Protein chains: 4
Amino acid sequence: MDEGFAASQAVAPPAEAQALAERAAAAMWGRDHASQGLGMRMVAIAPGRADVAMTVRPDMLNGHAICHGGFIFALADSAFAFACNSYNLTTVASACSIDFLAPARLGDVLTARAHERTARGRTGVYDIDVVNQRGEVIALVRGKSHRINGQVIVP
Amino acid sequence: MDEGFAASQAVAPPAEAQALAERAAAAMWGRDHASQGLGMRMVAIAPGRADVAMTVRPDMLNGHAICHGGFIFALADSAFAFACNSYNLTTVASACSIDFLAPARLGDVLTARAHERTARGRTGVYDIDVVNQRGEVIALVRGKSHRINGQVIVP
Amino acid sequence: MDEGFAASQAVAPPAEAQALAERAAAAMWGRDHASQGLGMRMVAIAPGRADVAMTVRPDMLNGHAICHGGFIFALADSAFAFACNSYNLTTVASACSIDFLAPARLGDVLTARAHERTARGRTGVYDIDVVNQRGEVIALVRGKSHRINGQVIVP
Amino acid sequence: MDEGFAASQAVAPPAEAQALAERAAAAMWGRDHASQGLGMRMVAIAPGRADVAMTVRPDMLNGHAICHGGFIFALADSAFAFACNSYNLTTVASACSIDFLAPARLGDVLTARAHERTARGRTGVYDIDVVNQRGEVIALVRGKSHRINGQVIVP
């Protein structure tokens, strides 16, 4: 996880909520073999927000020699998961839609930026934008979250 | 690729279209490092249809100890890609939506079954259902395809 | 409501479930000013299924002189609502996606055919296909339903 | 159309683009029987943006005595249409997804705020948020636009 990721948020959240988001993310990250195995890096975390980066590797290329859509989705899904679990209430994705806008190529550094749009009861809606190293939007994802019982960490 | 996958189709397509679908899939498969690296197996291919299977591995588990949604999506996206390129006209996904209905766990054998719903001009709509080894539907995906220029193979 | 709509189902459901679906639909229909005002007709109802028809009127045309997408969606949404309330458990739509495949024009007779794809706990997924009088698919809708407390009728 | 709607945009667009957006919207509005018939009001228009309002009428209520989802969608779809035609290049919706977050009731004044997220070639992605008179988000819509040939007005 990068140093100082909290500073990337435009409006600093209350310190306790921020500390909880960081601790929950660190715990989830430690046991998230999928995100680790795909070489993802946590770039920023805050209540309701997470930025996660990933470099396109040779084993991520499909039969058209561009990044398989599954890995672009996986990056967005990880950012979504860290954002919606940032309140330390165990939450899963119930649905997502993705618009693929431009291809990603070998070596591209992709960043997925997830933020909460609405939260109501156990349901939340998150937008996750995926950009490349030139700042071009390559995919737009919208996800719906569902809170189940349990906490990510014992606070 | 399994033997006899053509026989899985309810209505046998004309032999030439089927042969072209098989050749296009074999060529795409050979260069699809992503699907191969995720341990996918082509189960069936026919014009407008493809079934692809994948076993959930330890490196596919997320922080909740269930299969990361990205890999479920990737499986569906691969089946979608093989189905929509089965006419040997180069086609990419422009958008997808996924509903996650049940979790997948370590060792589960997932099969994504893609079939064309509509085709009109350069645009197609495909439904891709993901089931586990007990026949339970764990995800429903709908994808929109966009045909670009080029062919998968020289026929 | 047409005579004999139950006969349109490929597999006849148990008589009690069918009778309940018909009674629930009749009660909902009676108080559904929106569907009535748009000139919709119930064509078929069965557990988990409903077909609803609508003719494109002059007041449904948009600035491009084709049927405003809102009315195509409304037709699909009504069929969805009748299908997912057919078990007499009050259910609402939580999300929908629609792919517009062809325009509808003045006087076209559209039919939306809704059927349940999956049901699990309080959540269901329904597919609703909208066809015109020539059998052409003009829109594909997928909806997610959420059961709340209450019943449509006292059975 | 309200007076001074251009002033609602945070960053004033170049005067010519704004004038073209206003003229295109006025022309579309004049022939859009659907939006007029539903009692919609144009609140703001700018290049890539449109706000449209609608009051929930008795004939918009469904069998649950809340606003039929079709009318909420129709409002969003109209705002989307005015936004994506604001460059005076004829554009239609190819797909939309809607998340219903809260019900709308009789007399509620709903406003749909559409803005362009990305544009690339003939394809655009728009987000349309629907809020009520208390500023509560009742639905989130994401739409995909496709530019066809032709212009809305002769400039």
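Among the elements of chain A in this predicted model, helix 1 (residues 15-31) has the lowest mean pLDDT, 95, and strand 2 (residues 49-55) the highest, 98. Over residues 1-10 of chain A, by contrast, the pLDDT is below 50, and this stretch has 11 contacts in the model beyond near neighbours in sequence. Where pLDDT is low, the predicted coordinates should not be read in detail. For chain A as a whole the mean pLDDT is 91, with 92% of its residues at 70 or more. The complex receives an ipTM of 0.90 and a pTM of 0.91 from the predictor.

Chains C and D contribute to a shared sheet. This open sheet has 12 strands with antiparallel pairing, in the order 1(C)-2(C)-4(C)-5(C)-6(C)-3(C)-3(D)-6(D)-5(D)-4(D)-2(D)-1(D). Strand 1 (41-46) of chain C and strand 1 (41-46) of chain D stand at the edges; each has a single partner strand, so one side of each is left without a neighbour in the sheet. On average, neighbouring strands of the sheet are turned by 20 degrees against each other, direction ignored.

Within this sheet, strand 4 (residues 109-120) of chain C runs antiparallel to strand 5 (residues 123-131) of chain C, and 9 bridges join them. C:His115 has C:Asp127, in strand 5 of chain C, as its bridge partner. Two helices that pack on the sheet are set out below.

| Helix | Strands touched | Direction |
|---|---|---|
| Helix 1 (residues 15-31) of chain C | strand 1 and strand 2 (49-55) of chain C | about 150 degrees with strand 1 of chain C |
| Helix 3 (residues 69-84) of chain D | strand 3 (91-100) of chain C; strand 1, strand 2, strand 3, strand 4, strand 5 and strand 6 of chain D | about 45 degrees with strand 4 of chain D |

Chain A also meets chain D: 12 residues of chain A are in contact with 12 residues of chain D. On the chain A side, the elements giving two or more residues are strand 3 (91-100), strand 4 (109-120) and strand 6 (137-147). Strand 6 of chain A supplies the largest share, 4 residues. By class, this side of chain A has 5 nonpolar, 2 polar and 5 charged residues.

The relation between chains A and B remains to be described. A turn of 180 degrees with a shift of 0.0 Å along the axis lays chain B on chain A with an RMSD of 0.0 Å. The two copies are thus related as by a two-fold rotation axis. In chain B, the C-alpha nearest this axis belongs to B:Ser97, 2.0 Å from it. Of the interface residues of chain B, 100% are also interface residues in chain A, so the copies meet through the same surface.

How values were computed. Residues numbered from 1 in each chain as written. Chains lettered and ligands numbered in written order. Predicted model: local features only at pLDDT ≥ 70, side-chain atom pairs only at ≥ 80, totals over all residues. Contact = placed C-beta atoms within 7 Å. Nonpolar A, V, L, I, M, F, W, Y, C, P; charged D, E, K, R; others polar. Pairing = 2+ DSSP bridges. Axes fitted to C-alpha atoms, helices over the stretch in contact; angles between N-to-C directions. Least-squares fit on C-alpha atoms with pLDDT ≥ 70 in both. pLDDT = per-residue confidence, 0-100.
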